[in-house]
Amino acid sequence: MISWAMPLVAYMLQQETPTGLLRMLTVLRAARLGRLVRVFRRVPIFREAWMLIRGLSDSARTLFWTCVVIFFVTYVFSIF
């Protein structure tokens, strides 16, 4: 559906540059992702999956610093 709809929308909006088309595609993808998140939050069957996603996003900072520490420890021990 996207293969024929996007050139039509670009023609209707008179966007000649490819960057404008890419920007529009990014906005549409974000909107579609937003709809998916809303479904995940509302449907009771996905409650456990939503809890896992929320827990992962809440612990992203801790996971990042853990990876940094593991990288430096590995780097230090690889030198010696």
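**Aromatic pairs and exposure in a predicted helical model**

In this predicted model, F72 has a relative accessible area of 48% and is therefore partly exposed. The neighbouring entry in the sequence numbering, F71, has a relative accessibility of 51%, so F71 counts as exposed. The cut-off that separates the two classes is 50%, since exposed means over 50% relative accessible area.

The rings of F71 and F72 also form a pair. Their centres lie 5.5 Å apart and their planes meet at 65 degrees, so the arrangement is edge-to-face. An angle over 60 degrees is what places a pair in that class. F71 and F72 belong, together with Y75, to one aromatic cluster.

Across the whole structure, the search returned 3 aromatic pairs. One of them joins F64 and W65, whose ring centres are 5.1 Å apart; with the planes at 70 degrees, this pair is therefore edge-to-face. W65 has a relative accessibility of 47% and so counts as partly exposed.

The surroundings of these residues can be described at the level of the chain. The protein contains 4 helices and 0 strands, and its pattern along the sequence reads α-α-α-α. The protein has 80 residues, of which 8% count as buried. The area exposed by the protein is about 7,600 Å², and 71% of this area is supplied by carbon and sulfur atoms.

Methods: Residues numbered from 1 in each chain as written. Predicted model: local features only at pLDDT ≥ 70, side-chain atom pairs only at ≥ 80, totals over all residues. Heavy atoms only, no water. Phe/Tyr/Trp six-rings, centres within 6.5 Å; stacked < 30°, edge-to-face > 60°. Buried < 20%, exposed > 50% of the residue type's maximum accessible area, 1.4 Å probe, protein only. Helix = DSSP H or I, 4+ residues; strand = E, 2+ residues; numbered from the N terminus. Areas by Shrake-Rupley, 256 points an atom, 1.4 Å probe, with all protein chains shown as cover.
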